[in-house]
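Trainee: I keep meeting words like "buried", "hairpin" and "domain", and I'd like to know what earns each label. Could we go through one example together?

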Amino acid sequence: MNYEAPNTLDAASALLADAQGEARVLAGGTDLLIQMRNGDVDPGLVVDVKNIDEMRSITTESGRFRVGAAVSGIEIMDHAAFNAAWPGVVDGVSLIGSIQVRGRASMGGNLCNASPAADSVPALIAAGALASISGPNGRRDVPVEEIAIAPGKTSLAKGEIVASFLFPERPKRSGGCYLRFIPRTEMDIAVVGAGVDLTLDENGTCTHAKVSLGAVAARALVVEDGAAALIGSKVDEPALEKLAAAASGAARPIDDKRGTKDFRIHVSGVLARRAALTAVERARQN
Amino acid sequence: MARQHVTTTINGDEADFLCEPDQTLLSVLREELQMTGTKEGCGTGDCGACSVTIDGRLVCSCLVLGVEAEGKSVETIEGMAHGEALHPLQTKFLEHAALQCGICTPGFLVAARALLEKNPDPSETEVRFWLAGNLCRCTGYQKIVEAVLDAAEEMRKA
């Protein structure tokens, strides 16, 4: 195996694009090194992207946050201004693995590993974050929901790297929340995850909302009916009931040892509703 | 690719080693540098037995490549005691009998030290959440948590 740690995105993309055999991006390594150890992947080339400035920094551009795709979870959790603006995303990040894992694991890796149960992904989708991609043909920004297409598979072309996440402007009275269900209290994989992000007007009426579910389909889902149920409402009981029904209706989970299909469908509605309640509470204080 | 030459700092001392590009930092510590205090439990980042800090961040060394240590500062269990003088956490683990077989102990100590550097006065719940990435299969967690809380109290008085 060859190991490279270039300083620029162009150099990293060129290495990946020119690779003959299997090539992998190394950010935190908390998925990649396990896959290598298990023999699931046997890359001839590993490109460590942690020497690339954009991928390791949290910046603002005219009031919009840009978070490097290789920034570790702990660094995100420790960033006070980002926490204040995007608490739902921080909810998702802070549920990934243990302290040790979050010391390394990144949102870019969480997204590109393409697990349907990735905790930061529904939160990023609800937040309306764009994945800012660098590749041999230049840059493109796409909504986060378009990256993972199936378990372990992404829509990225050869040589493309998710360099950073670009967040929208954050209007006043906005809030978000991500919740997951697991049978234990820490260190487990989501049985269901739900992210809700919303904005209220001066009267407390919801003017914008986005809802996403994780672990209940082959990739994280956008629940448009759920957002529609909130927009125009005061996020009151009838709106929350509609949201829960839309989330349960959108879920198409599998049965496995961690949860039955019926249970996951039910919990999708419960979590979407609870996430919306916390998102509203946060929006009112923001 | 040939073995790679890596220059790093381990427990405050400059160190350099040769390693395979796909060799984990855990394997480098144990097999190239004969620093066997850091233990391998699961090898998949679930048990925390291989905990070290890199530039102050607590990580599982089984999930880090040796080559990634280039230019970094690594702290392992070997850097915890100063000669014969044990770290207060080590003393309290002994006093509370917070270990049986000992395989998880270096990881717990390194993780607990990282907690107390960040938060000198953690609640019991905070200790339990912080140590959720460290597994013990012998003694259970009660004595470990008590030892950490007791060490924190003593270190605050010092």
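**Earning the labels**

Mentor: Sure. Start with chain B: the C-alpha centres of its domain 1 and its domain 2 lie 21 Å apart. Keep in mind that this is a predicted model.

Trainee: Why are they called domain 1 and domain 2 of chain B?

Mentor: The domain assignment gives residues 4-79 as domain 1 of chain B and residues 88-157 as domain 2. Where the two domains touch, 13 residues come from domain 1 of chain B and 11 residues from domain 2.

Trainee: Which strand gives the most to domain 1's side of that contact in chain B?

Mentor: Strand S3 of chain B, residues 51-54, with 3 residues. By class, that side of domain 1 of chain B has 6 nonpolar, 6 polar and 1 charged.

Trainee: Now the inside. What makes a residue a leading member of the largest nonpolar core?

Mentor: Contacts inside the core. This core has 141 residues, and Leu243(A) and Ala247(A) have the most contacts inside it. Both domain 1 (4-79) and domain 2 (88-157) of chain B also give residues to this core, so it lies between them.

Trainee: Which residues does Ala247(A) touch, leaving aside its neighbours within four places in sequence?

Mentor: Among them are Ala194(A), Val211(A), Leu213(A) and Val223(A). The list also includes Gly226(A), Ser268(A), Gly269(A) and Ala272(A).

Trainee: How do you know that chain A is as compact as a globular protein of its length?

Mentor: Set the value against the rule. Chain A has 12 helices and 14 strands. Its radius of gyration is 19 Å, close to the 19 Å that the globule rule gives for 286 residues, so chain A passes as being as compact as a globular protein of that length. Its C-alpha atoms fill a box of roughly 55 × 45 × 35 Å along the principal axes, and 54% of its residues count as buried.

Trainee: What makes strand S12 of chain A largely enclosed?

Mentor: Count its buried residues. The cut-off for buried is 20 or more other C-beta atoms within 10 Å. In S12(A), residues 192-200, 9 of the 9 residues are buried, so the rest of the structure largely encloses this strand.

Trainee: Which residues of S12(A) point which way?

Mentor: Val192(A), Ala194(A), Val196(A), Leu198(A) and Leu200(A) point one way, while Gly193(A), Gly195(A), Asp197(A) and Thr199(A) point the other way. In a regular strand, side chains alternate between the two faces of the sheet.

Trainee: Why do we say that S12(A) is paired with S11 of chain A?

Mentor: Pairing needs at least two bridges. S11(A), residues 174-181, and S12(A) have 8 bridges and run antiparallel, so they qualify. Tyr178(A), for instance, stands opposite Gly195(A) in S12(A).

Trainee: And what joins S12(A) to S13(A)?

Mentor: Again 8 bridges, with the two strands running antiparallel; S13(A) covers residues 206-214. Here Gly193(A) stands opposite Gly214(A), and Gly195(A) stands opposite Ser212(A). S12(A) and S13(A) form a hairpin with 5 residues between them, and Gly204(A) in the turn has a positive phi of about 85°.

Trainee: What makes S11 and S14 of chain A edge strands?

Mentor: Follow the order, S11-S12-S13-S14, in this open sheet of 4 strands in chain A. S11(A) and S14(A), residues 221-222, each have a single partner strand, so one side of each is left without a neighbour in the sheet.

Trainee: Last topic: where the chains meet. How many residues of chain A are in contact with chain B?

Mentor: 20 residues of chain A are in contact with 23 residues of chain B. Helix H2 of chain A gives the largest share of chain A's side, 4 residues. That side has 9 nonpolar, 7 polar and 4 charged residues.

Trainee: Ile34(A) lies in helix H2 of chain A. Why is Ile34(A) called partly exposed?

Mentor: Buried starts at 20 neighbours, and exposed means 12 or fewer. Ile34(A) has 18 C-beta neighbours inside 10 Å, so it falls in between and counts as partly exposed. Leaving aside its neighbours within four places in sequence, Ile34(A) is in contact with Thr44(B) and Gly45(B).

Technical notes: Residues are numbered from 1 along each chain as its sequence is written. Chains are lettered from A and ligands numbered from 1 in the order in which they are written. This is a predicted model: local features need pLDDT of at least 70, side-chain atom pairs count only at pLDDT 80 or more; totals for chains, interfaces and linings use all residues. Domain bounds come from an automatic or database domain assignment. Two residues are in contact if their C-beta atoms, placed from the backbone, lie within 7 Å. Ala, Val, Leu, Ile, Met, Phe, Trp, Tyr, Cys and Pro count as nonpolar, Asp, Glu, Lys and Arg as charged, and the others, Gly among them, as polar. A nonpolar core is a set of buried Ala, Val, Leu, Ile, Met, Phe, Trp, Tyr and Cys residues joined through C-beta atoms within 7 Å. The radius of gyration is taken over C-alpha atoms; the globule rule is 2.2 Å times the number of residues to the power 0.38.
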